Amino acid sequence: MFELKHVNKSFRDRGDVIQVAQDLCWHLGSGESAALMGESGAGKTTLMNMIAGLDKADSGEVLVDGVHIDRLGQAELTAFRRNHIGLIFQKFHLIPSLSAWDNGALQARLAGVFDSDFANHLFDVLGIDHLAHRRPSQLSGGQQQRVAIARALMHQPQLVLADEPTGNLDEATSAAVIELLVSAASDAGATLLVVTHSASIAGYLSHSYRLGSGTLTPAA
Amino acid sequence: MMLNHTKLRRSLFLSLVLIFGATSELAPAQDPYQLLRQSGEGFAQVAPGRAFLFPQDHYPHERFKIEWWYLTANLTGNDGQDYGIHWTLFRQAMSPAPNLGGWQSNQTWMAHTAISAPFGFEFAQRFARGGVAQAGVSVTQKNTFEAWMDDWLWRSNSPAPFPGVLTASTNTHRFQLTLEASDKWVLQGKGGFSQKSDLGQASYYYSQPFIEIAGTIWTHDEPVEVTGQGWLDREWSSQPLADNQAGWDWVSLHLSDGSALMVYQLRHDSGEHYISGSWVSGSGEVTVLEVGDVTMIPQSETRLPIPSLAGDRPESSIKDIPLDWRVRVPKLGIDISVTTDRPHSWLATAFPYWEGPVAVNGSHQGVGYLELTGY
Amino acid sequence: MMRATLVTLATTLAFYRQNPLQALFVVVGLVLGCGLYTSVAQINASAKASYAEADQILGVSAPWRITDRVNTNVAITDYIRLRRAGFTRVYPVIEKRLASAEGALISIIATDLLALTSFGSGVDSGRDSGVDTGSFGGDGWSRLTQPPYEAWVPPQTAERLAVTEGQQIRLREGKLLPPAIIRSQPQQRDQIFIDMGAALSLFETDRVSYLATSPLTETEQQKFVEQFGDRLALSNQSQTLDLSQLTGSLHTNLTALGLLSFVVGTFIVFNAVNFSLHARQQNLRVLQDLGAVRAAIFTAIAIESLFWAVAGALLGTLLAQPLSAALMPAVAATMQNIYGASVSSLPVFNTGLFWEALLLALAGLLLALVLPLVRASATHSDEPDSRNEALFSRHNVVLAGVGVALLALAYACYPIASSVVQGFALLSLVLFAGVALLPMVVVLVSALGRSLTRQHWLARWAFADVSLQFPHLRLAMMALLLTLIASIGVTALVGSFRLALTDWLETRLSADFYVTAGVIDAEVLAGQVWIQAAHRRLVAERSFAGRTLTVVGIDADAPDFGPDDIVDGDPEAFARWLLGGVGVDRVFANEQLRYLGGLEVGDTLELETDLGIRPFEVVGFFHDYGNVNFSLHLPSGRLEQLYANAKPQGWGIWVEQSQRAAAELGLSQLGLEPTQWVSQRDVLALSLTIFDRTFAITRALNALTLLVAAVAIFSSLLAVYQLRRPEYALWRSLGMSWFGFFMVSGFPIVLMTVAAMALALPLGIVLSWLLIHKINVISFGWTMPVIVAPEPIAFLFVVVAAVVLTAFILASLRQQVEVNKALKNLAGE
């Protein structure tokens with residue numbers, strides 16, 4: 001589903017050069033799910049940002065769904081992201097002025113593929129159908145993240161990228177949320193990549209990779 | 001509404017400078033007497049041999065640059081005290097151009113009134129433009145003589161100044177005097193031609209040394225009846241002072257023998273002063289005094305605080321003024337000291353000078369007035 | 001402590017090094033606020049200094065005036081008579097305000113400089129005055145007092161009139177002033193000085209405007225009455241014309257505008273400081289963690305604030321110099337036109353103003369520092385999320401309640417406000433009501449929008465975003481609102497003034513031509529075929545309640561005064577006026593007599609006439625724009641009986657429209673010089689030109705406050721954009737196009753501006769109504785119809801829209817780059 005070919009990426013952080021990717025090649029197939037693990041500062045988020053088109057590789061190729069996203073212009077990239085990628089952040093990043101429903105529907109609406117039946121279904125599946133009219137500030141963390149998951153899936157993307165989706169949640173909520181995420185993504189047939197440092201979270205996913213010193217190794 | 005005070009004062013000064021102290025490149029405005037040294041080019045000139053005609057010559061001679069009517073009087077009050085009166089009207093032509101008259105007149109007037117009383121000295125000065133009847137010397141419709149500035153008025157009942165009544169005032173004092181004199185006028189110098197320097201500076205000059213005066217002086221509305229003798233000088237010229245003359249010392253005296261003595265000397269910056277005068281006997285015979293006939297020598301100087309013109313800086317400077325003189329006319333047997341018990345008689349006017357009553361002692365007794373300019 | 005303070009200071013100041021724009025905003029806010037306030041204060045102080053100086057000559061040296069009992073002017077021979085009677089502290093003055101050939105206003109003052117020498121205890125020698133007498137030469141007095149004379153023109157006046165040394169200013173009626181001498185007379189103000197002789201000859205008169213004199217003692221007054229009382233009147237000038245009282249309302253007006261600009265400036269400072277504190281919260285917290293004590297942090301912030309305040313006050317005062325110099329001539333023109341007060345057009349610097357500016361800057365900063373701290377302590381999390389639902393919050397509801405209460409208070413107080421200060425208090429009630437109502441109006445508008453667009457998710461989103469931006473833009477929008485209300489109020493005021501003036505001029509100057517008095521007589525005019533009608537007014541001058549009162553004789557059939565011009569008379573008033581009364585004369589009075597003189601219809605006033613003291617019954621009033629005097633209208637026949645010496649004004653001549661050209665030709669053929677007649681169109685044009693110049697000051701100040709408000713909006717937008725950057729990055733990460741992005745992020749400012757405009761319109765009209773019906777009546781005693789012309793307000797709105805759009809575009813310039821940068825930071829800690 002996405003493929004990294006000989007990707008190099010480094011950045012400077014307080015004088016130190018951090019090597020995120022060194023001639024890195026990586027492939028994750030359609031419908032698969034994987035956890036990306038690694039030490040703090042290893043560059044997990046940067047790697048994910050490159051796949052999402054939020055950041056650029058220094059060299060090498062990044063393909064998502066067969067498209068060379070590293071060669072897309074800004075507007076095309078934006079459109080591509082809108083249509084093909086779902087993003088989930090640790091801090092939820094809901095729009096505070098919109099209701100849970102509008103937040104969940106946002107990207108689908110931007111992509112012009114909003115389908116209220118599917119939306120109802122998703123909210124139902126995620127267990128937030130009774131919260132649809134609430135504002136983010138009226139939701140708990142777990143509820144907010146479920147809305148974010150709805151947003152990331154509602155336009156039925158090929159690829160869902162989640163950055164520490166349970167990082168701000170307690171353990172019980174974390175388990176519930178990740179379970180929902182994995183099953184919903186799988187129902188939608190989306191490829192799912194979850195950045196996490198938690199082995200228990202990684203356990204919900206079919207593959208696990210560890211990033212360190214610019215190379216990727218399958219984790220146990 | 002209009003001009004503010006500062007501006008007024010500034011303008012005032014400018015107007016005074018331009019009227020009475022007009023400047024040339026040579027002399028700064030600081031010396032108001034510079035006016036008297038300016039060449040009278042374009043104005044009528046003073047020449048010997050002029051025929052005097054009365055009463056016409058009592059009136060202004062507008063083609064000449066400067067002219068004055070100058071009265072001094074030594075009076076005694078019914079309180080037994082000595083009083084001095086000094087009243088002057090100055091006329092000046094601002095340009096040699098013909099006088100357009102009215103509000104466009106090129107004539108300006110200045111007047112001084114000073115009253116010397118036992119308890120103090122008070123003076124006032126006034127200005128007016130000519131042509132608008134605010135000040136002047138003229139003959140009235142009734143063919144009588146009038147000399148005035150605002151409500152200061154010398155009014156006669158004849159075309160000549162005498163017999164007349166003079167009314168004038170200072171801030172808190174005023175007087176009304178009747179003036180009587182014969183119609184015998186003393187022509188000073190050579191038939192009225194009074195030379196002021198070897199360079200030709202001169203004036204037309206005549207006097208009335210014997211004026212009988214009676215009247216009232218009110219000091220702060222307290223009347224005092226006074227009587228005494230006065231002296232009127234009439235003089236006009238277009239350039240009375242030479243460039244190197246700083247000022248003059250002048251004295252007019254009524255001596256105890258009934259005669260009258262006038263002496264003036266023009267002080268040169270260097271070298272010999274130009275001295276001249278006249279002696280008039282009680283019967284009216286005139287003896288002209290020329291260089292060599294008369295000396296006038298200061299005996300000592302008196303340190304005087306000089307009030308400033310502004311009045312709000314009461315004692316702005318100190319001057320040493322010669323108030324003690326010895327006058328000698330050997331050929332007439334006159335050897336007198338001239339002294340004053342009224343040293344504070346400085347007129348802090350636009351033209352500042354010392355003018356006050358004096359007493360005569362020595363070969364003769366008497367009273368008179370001393371005038372010191374250019375100090 | 002000392003070290004801690006220094007470290008803290010260095011850290012907090014480092015923020016500005018990294019964010020120079022923020023530093024700029026703090027400074028710009030302070031400088032604009034202080035600058036505008038100071039320049040207005042300076043203008044006020046300069047004008048007041050001029051009055052004080054005017055009082056110095058009139059109030060101290062010559063506060064009394066001598067006027068003729070019968071004539072408007074005093075014969076110069078009377079002056080000489082007074083002098084010779086011993087009134088030596090009297091001097092003659094001619095004052096004229098005329099138009100130059102180019103239409104500029106010229107103020108001429110003439111007196112006899114020599115006559116002034118009797119003032120003061122002695123004569124100023126000026127020995128240390130450093131006056132350059134060289135320019136006078138020996139015959140300066142001759143040049144001043146003899147043809148061609150001299151006109152002493154102050155440099156700033158020369159500049160205004162574009163006159164150079166030696167040039168002769170041509171007056172409108174063709175006369176030439178004497179050659180100009182550019183003379184810097186301190187505080188000669190805007191007046192051209194000429195000698196009395198020159199003035200008498202120039203104006204071909206033997207009368208002067210008035211005689212001024214120092215106060216007379218009881219004895220002197222007695223003497224005056226005995227000798228001159230039959231013809232001349234003595235009045236205490238300081239009672240009849242108190243300049244500072246007359247002009248008080250304009251100054252209060254200007255001060256209010258100055259304070260308004262400062263309030264607007266404070267909004268900017270508030271925003272900037274608020275933002276910088278917010279942005280540095282992290283720093284400060286870290287510092288605190290590192291052991292910097294609260295006191296050190298406090299001291300550091302205090303030092304920083306002091307620094308900003310001093311810098312702002314200093315630069316503001318500097319800015320005020322060119323600003324007030326640029327505005328002062330307009331103020332001077334206003335004073336001359338409306339109040340007849342001559343004011344220097346040069347502002348005077350006053351160090352006190354710097355301290356005032358500093359105090360204001362400190363107060364503004366303190367407010368900006370304290371309010372956020374209070375708010376921060378009240379709500380622990382200052383994140384936008386926690387406030388997003390706050391629009392309908394209790395706070396806004398309470399505020400709206402306050403707004404309504406303020407309006408109610410203003411309404412209740414309206415009948416009792418009777419002084420200029422109270423009038424302005426009413427105005428500020430309206431202004432603050434507007435500020436208090438604004439949040440609720442924004443809330444209501446956006447709620448309404450949301451409910452109307454419920455079906456459109458994007459519109460819903462855009463309306464929802466208003467609630468996120470408004471808290472940050474609230475102050476800036478309040479500033480904009482204040483500016484808008486003031487602008488609409490003043491625009492309507494000026495517009496109403498202008499229309500009232502035009503109406504008044506058209507009624508009063510309804511004749512097509514005006515011919516100078518005395519150049520043509522009735523018989524000659526009657527013989528002209530092109531004449532439709534010719535009338536002239538007769539004027540006698542008296543005084544009433546300390547002011548000049550003109551009694552004007554009106555031809556009953558003259559087209560320039562008729563029943564339509566009467567306000568508040570009974571329907572038969574005009575007919576009754578024409579008929580006259582038995583034992584009492586019926587008059588129409590100007591509104592000044594009603595509002596300042598306290599007369600009502602039916603009241604009677606008594607005036608001296610040739611037939612002795614007579615009663616006059618007021619049967620109605622007429623508008624009398626801008627007249628500082630009282631005025632009565634009598635049928636001209638009656639006036640001639642009562643005042644044999646009444647002066648005829650010039651002829652007003654009415655012609656058929658088709659006969660205009662014939663009339664112009666005819667007037668020339670009658671031997672009239674071009675200077676002896678003027679067409680109505682010329683007078684109208686001149687009056688309106690002068691009027692427009694007069695109100696240039698208010699327009700300039702409005703423009704400046706608008707600018708300040710624009711800067712406030714700009715800086716607030718920058719701040720809100722910076723705060724919301726992560727959210728904006730999210731929008732982009734979800735695939736939002738830039739077009740959509742700017743639509744949604746820009747919509748709130750559009751909506752808020754519209755809300756502000758919507759609120760400003762009624763309040764602005766209320767303001768103008770108060771200005772005209774309260775302040776104007778209190779100050780001058782005349783009213784006029786309030787006219788709200790849509791064009792200037794539409795223009796104002798267009799300008800505001802353009803200004804806000806510009807602020808939005810400028811603030812959005814770096815948005816794309818910054819949002820792209822922020823994209824990477826969406827994920828991760």
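Over residues 377–390 of chain C, the pLDDT of this predicted model stays under 50, and the model has 20 contacts beyond four places in sequence for that stretch. Another stretch of chain C, residues 238–243, also stays under 50, and for these residues the model has 10 contacts beyond four places in sequence. Where pLDDT is low, the predicted coordinates should not be read in detail.

The table sets out the mean confidence of each chain and of its elements at either extreme.

| Chain | Mean pLDDT of the chain | Residues with pLDDT of at least 70 | Element with the lowest mean pLDDT | Element with the highest mean pLDDT |
|---|---|---|---|---|
| Chain A | 89 | 100% | helix α6 (residues 171–188) of chain A, 87 | strand β8 (residues 191–195) of chain A, 94 |
| Chain C | 77 | 76% | helix α8 (residues 237–240) of chain C, 42 | helix α3 (residues 76–84) of chain C, 94 |

For the complex, the predictor gives an ipTM of 0.90, together with a pTM of 0.56.

How many residues does each chain bring to the contact between chain A and chain C? Chain A provides 27 residues, while chain C provides 25 residues. On the side of chain A that touches chain C, the elements giving two or more residues are α1 (44–52), α2 (74–84) and α3 (100–111) of chain A. Of these, α3(A) supplies the largest share of that side, with seven residues. Sorted by class, the side of chain A that touches chain C consists of 13 nonpolar residues, seven polar residues and seven charged residues.

Methods
Residues numbered from 1 in each chain as written. Chains lettered and ligands numbered in written order. Predicted model: local features only at pLDDT ≥ 70, side-chain atom pairs only at ≥ 80, totals over all residues. pLDDT = per-residue confidence, 0-100. Helix = DSSP H or I, 4+ residues; strand = E, 2+ residues; numbered from the N terminus. Contact = placed C-beta atoms within 7 Å. Nonpolar A, V, L, I, M, F, W, Y, C, P; charged D, E, K, R; others polar.
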